[in-house]
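Here are my notes on the model you sent over. I have set them out as numbered points so that you can follow along in your viewer.

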Amino acid sequence: AFEVVAKKSGKTVQVADGQSIVDALATVGIKVTVSCEQGVCGTCLCTVLEGEPDHRDVFLTDDEKADNDQILLCCSRARSPKLVLDI
Ligand code: FES
C-alpha cells in the first residue's frame, strides 16, 4: 500500500494492494476520466509533483518514465511511500 496526495483537491488517500489509484481516488470523490484502464491509451495521464511512480503502462516512453513526472493512474503504482499528484 502507499499514500496518494491529491494536491489540487486537498485530499489524501491510501491505495491498498490490488487497488488502482483511480479506484482509491474515487473513494474520496475524485473522478479520473479513464478509457482503456490498461495503460494503453493515455487518457488517465496525470502530473506527478513528488514521489517515484512504479510505471506499469505501455503508453509512456522509457525516457518519459525515467523522468518520473507523469503517471497513468489506471494501472501504475508507487515505488515511494507517497505520491503527490497534480489532481
Ligand atoms: Fe487508458 Fe489509463 S485509461 S491508459
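1. Let me begin with the turn between β1 and β2: four residues separate the two strands of this hairpin, and Gly10 there adopts a positive phi near 65°. Please keep in mind throughout that this is a predicted model.

2. The hairpin strands themselves are β1, covering residues 2-6, and β2, covering residues 11-15; they run antiparallel and are joined by five bridges. If you want a pair to display, Ala6 has Lys11 of β2 as its bridge partner.

3. β1 also pairs with β7 (residues 82-85), this time in parallel, through four bridges. Here Val4 is matched with Leu83 of β7.

4. Val4 comes up again in the interior. The largest nonpolar core holds 18 residues, and Val4, Ile21, Leu25, Leu72 and Leu73 are those with the most contacts inside it. At least two core residues come from each of β1, β2, α1 (21-26), β5 (70-72) and β7. Which element gives the largest share of this core? That is α1, with four residues.

5. Leu72 deserves a closer look. Setting aside neighbours within four places in sequence, Leu72 makes contact with Gly39, Gly42, Cys44, Leu45, Asp57 and Phe59.

6. Two residues may catch your eye in a Ramachandran plot. Most residues other than glycine have a negative phi. Glu37, however, has a positive phi near 55°, and Asn68 likewise has a positive phi near 55°. Where do they sit? Glu37 lies in the loop between α1 and β3 (45-50), while Asn68 belongs to the loop between α2 (62-67) and β5.

7. Are these two residues buried, exposed or in between? Glu37 counts as partly exposed because it has 15 C-beta neighbours inside 10 Å. Asn68 has 16 such neighbours inside 10 Å, so it is partly exposed as well. For reference, a residue would need 20 or more to count as buried, and 12 or fewer to count as exposed.

8. Stepping back to the whole chain, the protein has two helices and seven strands, and from the N terminus the order of elements is β-β-α-β-β-α-β-β-β. Of the contacts between residues at least 6 apart in sequence, 51% link residues at least 24 apart.

9. On overall dimensions, the C-alpha atoms occupy a box of roughly 30 × 25 × 25 Å along the principal axes. The radius of gyration is 11 Å, which agrees with the value near 12 Å for a compact globule of 87 residues. Of the 87 residues, 26% count as buried.

Technical notes. Residues are numbered from 1 along each chain as its sequence is written. This is a predicted model: local features need pLDDT of at least 70, side-chain atom pairs count only at pLDDT 80 or more; totals for chains, interfaces and linings use all residues. Two strands pair if DSSP finds at least two bridges between them. A nonpolar core is a set of buried Ala, Val, Leu, Ile, Met, Phe, Trp, Tyr and Cys residues joined through C-beta atoms within 7 Å. Two residues are in contact if their C-beta atoms, placed from the backbone, lie within 7 Å. The radius of gyration is taken over C-alpha atoms; the globule rule is 2.2 Å times the number of residues to the power 0.38.
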